[in-house]
Structure formats: C-alpha cells, structure tokens
Amino acid sequence: MNAFDELTNNFSRLPGIGKKSAIRMVNWLLKQDAAYVQKFAQNLGSLQEKIKPCSVCGTWTESDPCPICSNPLRDSSQICVVEQPQDVSTIEAYGEYKGLYHVLGGLLRPLEGIGPAQLAIQPLMARIRSSEVTEIIIATNPTVEGDTTALYLNKMITELNLPQPPKVTRLATGIPVGGDLEYIDKRTLSLSFRGRSEF
Ligand SMILES: [Zn+2]
C-alpha cells in the first residue's frame, strides 16, 4: 500500500470521518507548509506518552493528579461521575460546577461483556470511603445503559453502609431521553445540574 492510501486509511478510522473526508484531509496536508505537517506528526506521535489518565479521577491529563484533582479551590465534597473524559470537558465548559470528577471509562453493557469489573467502580467506592464527600452526582447519559449504571452505582454506594452516606443525585431536567451529554448546550446542562434529583 502506498503512503497516500495508508494515511487515508489512518484518517478514515477516526470517529465521524469517512473515506471521502480522509482523502480530502490527506490532499490538504500535502499542500501545507512542511513545518506544520511535521509538528502535527510529532504531536500525534507523542500523544499517548504525554497524556495519561489521572490516577485519582481518570480524566486525561499531562500532570498527575490532574489540575482539577490538585486544585485546592475545587469543592471536594462533590464528585460528579461521568462515562468518558470528554464529559469532564463538556461540564467544565459550562463552567458552573466546582466539584471533583470520577470517570467510569464506559457504562455497564452486560451483553457486550462490560461488567462492573471493567469500569472504574471499585476506585470510586474507595474514594467515597476515604473522603468526606457529601454528594455523588451521577451524570451518565439518559440511555438504558446510563440509567442501569446509575442505579447500580446508587446500590453500591448504599451497600457501603457508611455512617454518613453521601447524597446520590442524578442529572435530570432537560437532557433528552437517549441523548448524549456531549451534544447538549450549556443552558440545558446548567438546568440539568440545578434540577438534579435524589435517588
Ligand atoms: Zn483528576
């Protein structure tokens, strides 16, 4: 396979990029300044080496713990539980939430073999046990898997039998059923946070 086809194949595997777009990208790159293309390749080459999951919350970071976990101004009494690191970016962009996060790394999908052991659920329970968190905000998407995961987490947190168990809440208002956190606007996300309900 020649270099053009190989790079086209690389691009066409990216989310949301089809073969046509991939060809357009390779053609575009060929016409760009060599320094830009080299820097692009370097950034790509060192991406996984530089950016790792935070050892506390699981979001992508260059420094460990991440800037959110290590910021003393964040409210450590709240942990917002999300499916993926990009959900942290979405919630951060809306700018009102000042607590901490916990990235699950997926949702429970028993049919696809994704059970509790495949997600960062035990690390979350360990965090809850060893900290003075008073509220767990479950911000998984309002899909069947998101709801199942939220219910499971609520059950696990109840079963910890803590003397002062944290309140467990779920984002509700505004996110369309079956919707995705990543694609909702700031105002809707803001309403979802304010209108969150207790289990
Ligand atoms: Zn972190």
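Let me start at the N-terminal end, with helix α1, residues 3-12, and helix α2, residues 19-30. This is a predicted model, so everything I say about these helices refers to a prediction. The axes of α1 and α2 come within 8 Å and cross at roughly 125°. That angle makes α1 oblique to α2. The crossing of α1 past α2 is right-handed.

Which residues of α1 meet α2? On the α1 side they are Phe4, Leu7, Thr8, Asn9, Phe11 and Ser12. On the α2 side they are Lys19, Ala22, Ile23, Met25, Val26, Asn27, Leu29 and Leu30. Sorted by class, the residues of this contact are nine nonpolar, four polar and one charged.

Now a second pair of helices. Helix α5 covers residues 121-130 and helix α6 covers residues 144-159. They pack at an angle of about 40°, and their axes are 11 Å apart. That makes α5 oblique to α6. Here too the crossing is described as right-handed, with α5 passing α6. From α5, the residues involved are Ile121, Gln122, Leu124, Met125 and Ile128. They meet Tyr152, Leu153, Met156 and Ile157 of α6. By class, this contact has eight nonpolar residues, one polar residue and no charged ones.

Next, a single residue, His102. His102 is in strand β4, which runs over residues 99-103. Is His102 buried or exposed? His102 has a relative accessible area of 1%, and buried means under 20%, so His102 is buried.

What does His102 touch, leaving aside residues up to four places away in sequence? The list begins with Val56 and Cys57, then Ile79, Cys80, Val81 and Val82. It continues with Ala120, Pro123, Leu124 and Arg127. Leu124 has come up already, as one of the α5 residues that meet α6. With Arg127 there is also a polar contact: the side chains of His102 and Arg127 are joined at 3.1 Å.

Finally, the whole protein. It has seven helices and seven strands. Along the sequence they follow the pattern α-α-α-β-β-β-α-β-α-β-α-β-α-β. The C-alpha trace spans about 65 × 35 × 35 Å along its principal axes. How many of the 199 residues count as buried? The share is 37%, and His102 is buried, as I said. As for contacts between residues at least 6 apart in sequence, 55% join residues at least 24 apart.

Definitions and conventions
Residues are numbered from 1 along each chain as its sequence is written. This is a predicted model: local features need pLDDT of at least 70, side-chain atom pairs count only at pLDDT 80 or more; totals for chains, interfaces and linings use all residues. Side-chain values use heavy atoms; hydrogens and water are left out. Helices (H or I, at least four residues) and strands (E, at least two) are DSSP runs, numbered from the N terminus. Buried means under 20% relative accessible area, exposed over 50%, partly exposed in between (1.4 Å probe, protein chains only). A polar contact is a pair of N or O atoms within 3.5 Å; within protein, one must be able to donate a hydrogen and the other to accept it, and residues adjacent in sequence count only if both atoms are side-chain atoms. Contact means heavy atoms within 4.5 Å. Axes are lines fitted to C-alpha atoms, for helices over the stretch in contact, and angles run from 0 to 180 degrees between N-to-C directions. Angles under 35 degrees count as roughly parallel, over 145 as roughly antiparallel, 65 to 115 as roughly perpendicular and the rest as oblique. A crossing is left-handed if the near helix is turned anticlockwise from the far one by less than a right angle, and right-handed if clockwise. Ala, Val, Leu, Ile, Met, Phe, Trp, Tyr, Cys and Pro count as nonpolar, Asp, Glu, Lys and Arg as charged, and the others, Gly among them, as polar.
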